[in-house]
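User: Please go through this structure with me and set each term against its definition.

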Amino acid sequence: MRIFNATAAAAMFTTGALMLAGCSDKADAQAASANAAPVADGAPYVLQGTQVWAVPDPVSGRNYQVFVSLPAGYDADPGRRYPTLYVTDADYAFPIIRQIARRVNLEGPVVQDFILVGLSYAQGDSGADSRRRDYTPTPNGPRNSAGSVHGGGAAYQAYLKAEVLPFIEQKFRADPAQRVLLGHSYGGLLGAQILFSDPAMFSGYVLGSPSLWYDKRHMLGVEADYARAHDDLKAQVFMYVGGYEVPGPDRRNTSSADLVADMKTLQSNLLSRRYPGLKVSSVVLEDEDHLTVAPVGFTRALEAVLPAR
């Protein structure tokens with residue numbers, strides 16, 4: 001077991017820290033870690049109270065790690081089980097979500113206590129290569145990444161179901177009835193794939209700026225196929241997207257894909273099915289683009305799918 005090292009994660013996504021500003025001086029003081037152990041000058045910064053566990057995939061032979069953060073009261077209440085939030089792209093998303101969850105609750109409960117599980121990239125692969133393979137549903141990747149392998153989403157989904165979920169629920173007091181999957185971009189595409197192929201894997205799905213444009217909007221066809229074969233979809237779905245995630249002249253606009261329109265289309269399609277077990281909502285976060293939207297989108301997601309009771 002190793003402590004999660006935040007150095008690489010911070011380098012991958014520095015905008016997250018900026019989005020956490022704005023609380024009171026009192027809250028800042030409460031957030032400070034007064035009992036942090038001294039470290040040698042120049043030592044790596046680590047997130048205290050986090051864990052890293054190896055959970056390999058015996059089918060592919062790839063080695064993955066999961067990052068775990070337990071609620072503050074976990075040890076004091078040994079009979080309690082907790083909701084679990086699984087987040088893709090953990091190398092940047094895990095530390096951001098962990099700090100957001102702690103920050104928003106400083107002056108009173110806003111979101112529930114939950115176990116946070118970060119799904120990391122395959123060891124030995126770059127983050128870009130790992131996510132292109134593991135988070136996409138078909139091998140038909142975009143032209144600008146034609147040299148990369150795509151289409152391993154189903155295999156990665158099988159790995160999550162067979163290895164990761166049982167590992168977490170055997171080792172920690174995670175409630176199997178309260179699993180939430182949060183994914184951004186390709187991670188949101190993976191979430192949609194699981195939602196329309198094995199929805200019971202998770203009770204809640206956060207599809208953040210989902211790459212529904214992928215392979216000629218393949219996932220919209222998958223949703224239609226699901227609808228033809230089923231009369232219910234038992235899940236809570238929350239989606240977010242940045243207002244700049246549309247084609248346009250600004251450097252913050254997307255080059256061609258209209259993620260706002262695609263998200264609205266998916267929501268409209270889902271609502272038209274009138275599934276009795278489905279709860280779906282979404283938000284367009286103005287003045288945010290595909291990169292800056294993640295921290296504020298994570299915050300809205302926690303408020304939507306894990307509100308304090």
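The exchange below takes up the largest pocket and then the sheet.

Analyst: This is a predicted model, in which local features need pLDDT of at least 70 and side-chain atom pairs count only at pLDDT 80 or more, while totals for chains, interfaces and linings use all residues. Residues are numbered from 1 along each chain as its sequence is written, and side-chain values use heavy atoms, with hydrogens and water left out.

User: What makes a residue part of the lining of the largest pocket?

Analyst: A pocket is an open set of points on a 1 Å grid over the protein atoms alone, where a 1.4 Å probe fits, with protein on both sides within 12 Å along at least five of seven lines, and a lining residue has an atom within 4 Å of a point. The largest pocket has a volume of about 1,200 Å³, and among its 36 lining residues the closest to the centre are Asn 144, Ser 185, Tyr 186, Trp 213 and His 290.

User: Which helix gives the most to that lining?

Analyst: H5 does, with four residues, a helix being a DSSP run (H or I) of at least four residues, and a strand a run (E) of at least two.

User: Why are E1 and E8 said to stand at the edges of the sheet?

Analyst: Strands pair if DSSP finds at least two bridges between them, and the open sheet runs E1-E2-E4-E3-E5-E6-E7-E8 with mixed pairing. E1 (50-54) and E8 (278-285) each have a single partner strand, so one side of each is left without a neighbour in the sheet.

User: How do you know that E2 and E4 pair?

Analyst: Strands E2 (65-69) and E4 (115-119) share four bridges in the antiparallel sense, which meets the requirement of at least two; in E4, Val 117 is the bridge partner of Val 68.

Methods:
Grid points are joined across faces, edges and corners, and a volume is the space filled by probe spheres set on the points.
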